[in-house]
Each structure stands twice: as C-alpha cells, then as structure tokens.
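Hi,

Here is the model I promised to hand over. Have a look at it first, and then read on for what turned up.

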2 protein chains.
Amino acid sequence: MTVMRRPAGRSGRAGRKALRIPAVIARDIGLLIVSGRYQPGDVLHGEIETSDRLQVSRAAYREAVRILAAKGLVKALRKVGTRVTPREEWHLLDPDVLGWIFEFEPDDETLASLFELRRMVEPEAAAMAAARRSDEDLRVMAKALQGMAQHGLQSKAGRLADQAFHAALLRATRNAFVASLTASVGAAVSWTTFYKGTHSRQLRDSLPDHQRVHEAIVRRDPKAARMAMIELVDLALRDTTDARKRIGRKKRATA
Amino acid sequence: MTVMRRPAGRSGRAGRKALRIPAVIARDIGLLIVSGRYQPGDVLHGEIETSDRLQVSRAAYREAVRILAAKGLVKALRKVGTRVTPREEWHLLDPDVLGWIFEFEPDDETLASLFELRRMVEPEAAAMAAARRSDEDLRVMAKALQGMAQHGLQSKAGRLADQAFHAALLRATRNAFVASLTASVGAAVSWTTFYKGTHSRQLRDSLPDHQRVHEAIVRRDPKAARMAMIELVDLALRDTTDARKRIGRKKRATA
DNA sequence: AGAAATTTCTTGTCAGACATAAAGAGCGGG
DNA sequence: CCCGCTCTTTATGTCTGACAAGAAATTTCT
C-alpha cells in the first residue's frame, strides 16, 4: 500500500482537492476493511512498522487510525494493537464508510439491504416532503429533473442530478435526521444508475417515475407522493437486480 | 474547558473505562458544537493556543480535531483555521454525535424529528423481524422484556433492557443498515424513558406495548408486528410530549 | 489602479523520546 | 499441580520542538 496524495486518476487536473495524508491512509485502510481484505478481529500491523513502511510520520498514521476509529471500523487497544471491529459496530451510514463500500461492486446482500432501507424511508419522506415542501424545494427538484432529462442517466451530470433530486426531497422533509440519510440514498442511487448505465444495454428511463413523485409533491398530495416513490424505488431495485442477473449469466457463460 | 480523563461523575468507580485525551477533547468540543455554543461558521481557536490552554500536546489536540472532522462537525483549512461545519453536513446518525446531542435536553424539534425517523423505520423493521427472526433473536428479546419487567423503567437497568429490546429487534431484520440505526433509536428510547422517569410522576407502563410487538414477532406475523410497533412509537411520543408540556407549564408557573 | 511578488499565519508533517497499560512469562507458595 | 503474584515486554498513548506548505493578507512594482 502506497500513499497517494490524490485520489487515483489524473493528478494534474483541477478535479478534486489534494487530500491530506491521514485522509488518504484512512481511505486506503478503510477500503481494505470494508472489502474484507482485513477481517474483523484482525490486528493491524504496529504503528511504527506501518508508518515506516508507508514512509509517513507516526503522527500522520495515528491520525488516520483515529479517523477509522471515529467511524467504528477499528478500535485501538494498548499492548494488543489496533484491531478491526466486528461489522455490527461499523458506522455503515457514515458517508465515507458507505462510499468506501460502494467503491467496489457491493455484494447482493448489501445492495438489497440498502434498497430495503430506501424502501422504508423514502416513501414516507416523499409524503412528508409533499406536506412541508417550500417553493424553493420545488425549484431545486425541478432543476434536478431538468438536469436528468438534459444529460441522461448515462452521464456523470445526469447521475448527479438524480442524486440532487433525492437529496432535495429528503431536505424538504424538514427533518434533519432524515436529511442526513442523503449520503446513503445517494450512494445507492448513484451506483445503481451507474451500474445500469455501464452494464446494461437497454436502460429503462426512470425520469417519468421521478416526475410522478415530483408532481405529487407539487400538488401537496402526500398519499400520491408516497405511492409514486414506492413505485420508483421498486422499479429501481428491479432494474438493478435484473441487470445483475444478466451479468451473472454472462459471467457464468464466459467462465 | 478543562480536560477530564473520565466522563463526569464519580471517578473512582469502575463504571466506564478511562478515555484517552483526544476522545475527551473531541467530546468536549463536540458538546460545545451540538449545543450551539460554537455556531456553524465559527473558527476554533488555533491549535497551539488551544492545546496550550488545555495543557495537552498539539498532537493530542489534533487527533481530537480529526475525530470531529470524521464526524462532519468541523473542517480544517490551512491559514483559515478549523471551522464548524453547517448543520446539514453533520453526521447526525453517528452514535457519538447523537449521544452528545442527547446529553442535553434536546429541543422539541430535534426530538420530534428523531421520533419521526423511528416512526418511519421501526414499524417496518418490526415486520421484517417477524418474517426473519431466529430463535436466538427471540431469546434475546424475551430476556430484554424480562429485564424491563424486573427492573422497571425508572432504573438504569430497565432502560438498558428497553434499549436491548429495540436493538435485538433491529438486528433481527437481518439488514445491516437498519441495524446500524440502533444507536439512533437507542438514544431516543433511553432519553425518553429517562425523561419520563425523572420528570413525570405517573409513568405509563410501556411494557405491554413491547410485549404485543414481541408476541407478533414470535407468531411470525409481520402485519401485527408492524401495527403493534406503530402503536408503541406513537404512545412513546405522546408520553414524552405530554411530559414536556407539563414541565413547560410548571416552569412557566415557577418563573 | 491593477497585477505580481512577498510576507504572514495556520494547519500539515516530521522526528525522536518517554509514559503507560495490559498481555504474557516466570516464579513462588498453597 | 494449580493458583496468584511480580516482572518483563510490547504496543499504543503522549509530549516536545521543529520545519513544510498553502492560502490569505500585504506590499511592491508596473
């Protein structure tokens, strides 16, 4: 494992800002953990050894470990070392942790679980949004829909617009806790559309689903918003699992 | 602000384990942030100045700041300082953050929002648990109910049993993301019963509500479990708001 | 006045040392 | 032989002081 000051990709481009060393190390180790390369119970190598190997100061490495500990991924014990925490203690809804999980192709169970959560939260959120939304919320959602229509779901911009729509909807609930699920929902949304876009030829247009939700919210019709959102999530899940099954068959056939 | 190596309370007792300096500082500053003493946009005092004032090394203080940054509460910028993040970026569902919020009496809106989240998640979770629970899940839930009955809701042990019941239920959903909401639900549960216990004379017995949920899960009856949980959450919310209103009147009368 | 160079300030990183707790080995006594 | 105590070992925990780097503020030059 080597320390990269910038996320993998072209380095010169102005894209993302340079990450500090501890953040990069935390991400690297975090990826190793959520991907299962480091299993719960495993103890990380010693601080001196690791920091030396990565050619960073021990202080920098320690700050990285602190970040991971703050997210529940590891726990440091004197004399025993820094040990990977059992999965139940991970802060799965932490944006970073979730992002790390979705940097790989998540397994079926993880994906299903996240969709179950969406299915629990988003319909009610849509209903709440229909009851409480401001005109400003509407404006943001409309703009997001326009972005989806304009760029399409294959493009990065389109995916961002999709996420923006769901984020605006959650914000419109006027519930800070619900709104803080934005990262979770966004991860599912982004990855799903990405998955469909890259692996599947025929890409069902989910824009109408979104528009139905939007219209219900415009009309301040909670019941309709809830139903429309249920349909949206269900269809998104179906599309995703269908695509997966196709890939699965293809892979099996190739192997 | 002074660094306390142990959480406030009697120090000699074996209760909680000694927290390391960065964790204590992170908690102290975290409390100042979530309580509003430090407002979003405020910049914390410089590292040298603060670490000097707290009489800890700069490295220790920096690790504390890293913890807060990992939870989205602050963001460090060169030359500008470490600044408190806008509220929308806080990781509200992080167990520590939520715990800090609930170390004070949360405002009505926060409490209402958290109950809304419970109301969205727990009924469906109960239904899922009814469909998927193992015998082991049942055993844990039964034991928790027994603990509630034995110790009562006023005692610490009773409150822990209450939390344990909800935790076991969420775990029985077999959904890691739902299960990771345990801390959030637990915070609401614990604080609510605590509130009722300390401030209110007549303390409605919520044990029957829990037992109805439990029985439905035993019977593998998702619909009944969902309905029972809806009732449980609604009653808990009503109890809490009622108690608050009483206190409010009392305070107003006293003042 | 406007752009470019410079200063300045704050976080970022490094290096090495010592402190401390907890696991494990070793030893003594029951 | 087993139990419990002490001592050693070892990893994290903490401190100190120094320098690097980047961004804001200031100054200087055109």
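**How the two chains meet**

Chain B and chain A each bring 27 residues to their contact, where two residues are in contact if their C-beta atoms, placed from the backbone, lie within 7 Å. On the side of chain B that touches chain A, the elements giving two or more residues are α3, α5 (108-132) and α8 (176-179) of chain B. Of these, α5(B) gives the most, with seven residues. Helices here are DSSP runs of H or I with at least four residues, strands are runs of E with at least two, and both are numbered from the N terminus. By class, this side of chain B has 14 nonpolar, four polar and nine charged residues (Ala, Val, Leu, Ile, Met, Phe, Trp, Tyr, Cys and Pro count as nonpolar, Asp, Glu, Lys and Arg as charged, and the others, Gly among them, as polar).

Before going further, please note that this is a predicted model: local features need pLDDT of at least 70, side-chain atom pairs count only at pLDDT 80 or more, and totals for chains, interfaces and linings use all residues. Residues are numbered from 1 along each chain as its sequence is written, while chains are lettered from A and ligands numbered from 1 in the order in which they are written.

**Symmetry**

A turn of 180 degrees with a shift of 0.1 Å along the axis lays chain B on chain A with an RMSD of 0.1 Å (least squares on the C-alpha atoms of residues with pLDDT of at least 70 in both). The two copies are therefore related as by a two-fold rotation axis. The same surface serves both: 100% of the contact residues of chain B recur in chain A.

**Around DNA strand D**

DNA strand D is surrounded by 20 residues, and the closest are Glu47(A), Ile21(B), Ser57(B), Ala60(B) and Lys79(B); a residue is near a strand if its C-beta atom, placed from the backbone, lies within 6 Å of it. Two or more residues come from each of α2 (47-53) and β2 (81-84) of chain A, and from α1 (21-34) and α3 (58-70) of chain B. The largest share, three residues, is from α3(B). This surface has eight nonpolar, four polar and eight charged residues.

**One helix pair**

α1(B) passes α3(B) in a right-handed crossing, meaning that the near helix is turned clockwise from the far one by less than a right angle. Their contact includes Ile21(B) of α1(B) and Ala60(B) of α3(B). Its residues divide into 10 nonpolar, one polar and one charged.

Enjoy exploring!
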